[in-house]
Amino acid sequence: MNAAPEGRPGPIKAIGLMSGGLDSTLAARVLLEQGIEVTGLHYSTGFCMNDHRRAMARPEEDPKRMRNEGLRAGADLGIPIEILDAGEAYMKMVLNPKHGYGKRANPCIDCRIFMIHGAAEYMREHGGHFVFTGEVLGQRPMSQHMQALRMIEKECGIEGYLLRPLSARHLPPTIPEQLGWVDREGLLGLSGRSRRDQMALGEKWGIADYPQPSGGCCYLADESFARRFHDKRLHAEPDRIRRDEMILLKVGRHFRLSDAVKIIVARDESENQFLARFDLPGWRFEALRCGSPITVVEGDPDENLKILIASITARYSDRRGESLVEVAARRDGREEVLIVPPVADQVLEAYRI
């Protein structure tokens with residue numbers, strides 16, 4: 001790394017958001033090149049795919065797809081990383097975003113405001129000088145155009161103290177640049193959706209081990225998850241949705257049977273074990289005398305829906321080829337056994353979320 005410029009008043013400390021992706025890693029590296037002390041913040045939001053893969057712990061999973069990329073990037077750069085739990089406040093924001101959703105269930109503008117606001121608080125509490133991010137002008141349609149970048153900075157209450165090292169040459173000089181804490185000539189002028197320049201810089205600096213871009217780590221940007229998320233918001237008061245209900249959106253096959261009843265059918269043994277850890281209040285279905293998924297029921301099904309749920313459970317059991325299957329329905333110590341045919345696929349698809 002380079003030495004700090006002459007005339008700089010002591011060590012300068014920058015606080016940055018570190019997802020562990022290529023952009024945030026490069027942004028930190030740009031500042032390290034100027035001799036600035038960098039601390040990275042990595043938010044645990046509950047929607048990271050790698051975190052979920054780690055919770056599922058499937059034995060065949062690639063270890064790289066289960067690691068915390070923020071910690072990995074910090075280790076590669078030799079900088080400290082703080083893990084922050086976004087908690088219930090983040091959940092409330094996701095369910096009621098002021099600036100709305102993107103193409104899926106991604107409240108990207110509100111998410112950036114939430115995290116940068118938290119980074120600003122961390123900066124004040126820990127003696128930092130400014131906040132930085134790996135945002136690139138024009139890279140994401142919702143949150144990284146010029147108007148959005150300015151609005152995010154304004155709503156975070158740190159106007160002038162938010163530096164975007166990768167696109168700084170396209171943006172007005174920040175206070176850290178004006179005061180000589182950061183050399184503007186050493187900042188970059190990247191823009192647009194192409195990653196070619198970032199990948200070239202990564203190669204130059206030996207940064208090769210990073211997750212693929214395009215927001216692939218966040219469930220909120222995933223098409224299947226988004227369908228389940230918006231179905232949940234449609235059928236429940238957002239303020240009454242619990243955190244464990246949001247976690248369950250990431251697991252299993254989901255079927256909406258009526259306005260008041262939805263089921264989740266586990267896809268494998270790992271999901272069976274995951275669902276078994278939840279102390280949920282409703283019915284659970286399981287086919288007997290065979291390998292069977294656990295089917296979790298949200299809502300209170302009538303007798304006809306119980307038969308349908310048992311038929312769906314039978315369809316995904318090892319006895320799916322038989323004409324009739326015994327399926328146990330259990331709740332609060334009670335057990336009922338239903339004998340049903342596995343549901344036909346063409347019927348099933350009408351209920352799939």
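## Phe229 and its contacts

Start at Phe229 in this predicted model. Set aside the neighbours within four places in sequence. Phe229 then contacts Val94, Leu95, Tyr101, Ala105, Met246 and Leu249. Phe229 is buried, and so is Phe225.

Phe225 and Phe229 both lie in helix H9. They are four residues apart, about one turn of the helix. Their rings form a stacked aromatic pair. The centres are 6.3 Å apart, with 25° between the planes. Both residues also belong to one aromatic cluster, together with Tyr43, Phe47, Tyr90, Tyr101, Phe114 and Tyr219.

## The nonpolar cores

In soluble globular proteins, nonpolar side chains tend to be buried together. The largest nonpolar core here has 37 residues. Which of its residues touch the most other members? They are Phe47, Tyr90, Ile116, Phe229 and Met246.

Several elements each supply at least two residues of this core. Strand S1 (13–17) and strand S2 (37–44) are among them. So are helices H4 (87–95), H5 (108–125), H6 (146–156) and H9 (223–235). The largest share comes from H5, with nine residues.

A second, separate core holds 31 residues. Ile81, Leu201, Trp205 and Ile207 are included in this second core.

## A six-stranded sheet

Strands of a sheet pair through backbone hydrogen bonds, either parallel or antiparallel. One open sheet in this model has six strands. Their order is S6-S7-S9-S8-S10-S11, and the pairing is antiparallel. Which strands stand at the edges? Strand S6 (253–256) and strand S11 (334–340) do. Each has a single partner strand, so one side of each is left without a neighbour in the sheet. From one strand to the next, the twist averages 20°.

Now walk across part of the sheet. S6 is joined to strand S7 (residues 262–265) by four bridges. Here Arg253 stands opposite Val265 in S7. S7 then pairs with S9, again over four bridges in the antiparallel sense. Val265 stands opposite Thr295 in S9. S8 and S9 are joined by two bridges and run antiparallel. In that pairing, Phe285 stands opposite Thr295.

## What covers the sheet

In a regular strand the side chains alternate between the two faces of the sheet. S9 is covered on both faces. Thr295 and Val297 are buried on one side. Val296 and Glu298 are buried on the other.

Helix H12 (residues 303–315) lies across the strands of this sheet: S6, S7, strand S8 (284–287), strand S9 (295–298), strand S10 (325–331) and S11. H12 runs at about 70° to S11.

## Two loops with positive phi

Two residues other than glycine have a positive phi. For Arg289, phi is near 60°. Arg289 is in the loop between S8 and S9. For Asp332, phi is near 50°. Asp332 is in the loop between S10 and S11.

Are these residues buried or exposed? Arg289 has a relative accessible area of 65%, so it counts as exposed. Asp332 is exposed too, with a relative accessible area of 65%.

## Aromatic rings elsewhere

A pair of aromatic rings is described by the distance of the centres and the angle of the planes. How many aromatic pairs does a search of the whole structure find? It finds nine. Phe274 and Phe278 form a tilted pair. Their centres are 5.3 Å apart, with 50° between the planes. Phe274 and Phe278 are both buried.

Tyr316 has charged residues over its ring. Arg253 lies over the face of Tyr316, at 3.8 Å from the ring centre. Arg315 also lies over the face of Tyr316, at 4.7 Å from the ring centre.

## The whole chain

Step back to the full chain. The chain has 13 helices and eleven strands. Its C-alpha atoms fill a box of roughly 80 × 40 × 35 Å along the principal axes. Of the 353 residues, 52% are buried.

Which residues make the contacts? Take the contacts with a separation of 6 or more. Residues 24 or more positions apart account for 66% of them.

Definitions and conventions
Residues numbered from 1 in each chain as written. Heavy atoms only, no water. Core = buried A, V, L, I, M, F, W, Y, C linked by side-chain atoms within 4.5 Å. Buried < 20%, exposed > 50% of the residue type's maximum accessible area, 1.4 Å probe, protein only. Contact = heavy atoms within 4.5 Å. Pairing = 2+ DSSP bridges. Axes fitted to C-alpha atoms, helices over the stretch in contact; angles between N-to-C directions. Phe/Tyr/Trp six-rings, centres within 6.5 Å; stacked < 30°, edge-to-face > 60°. Lys NZ or Arg CZ within 6 Å of the ring centre and 35° of its normal.
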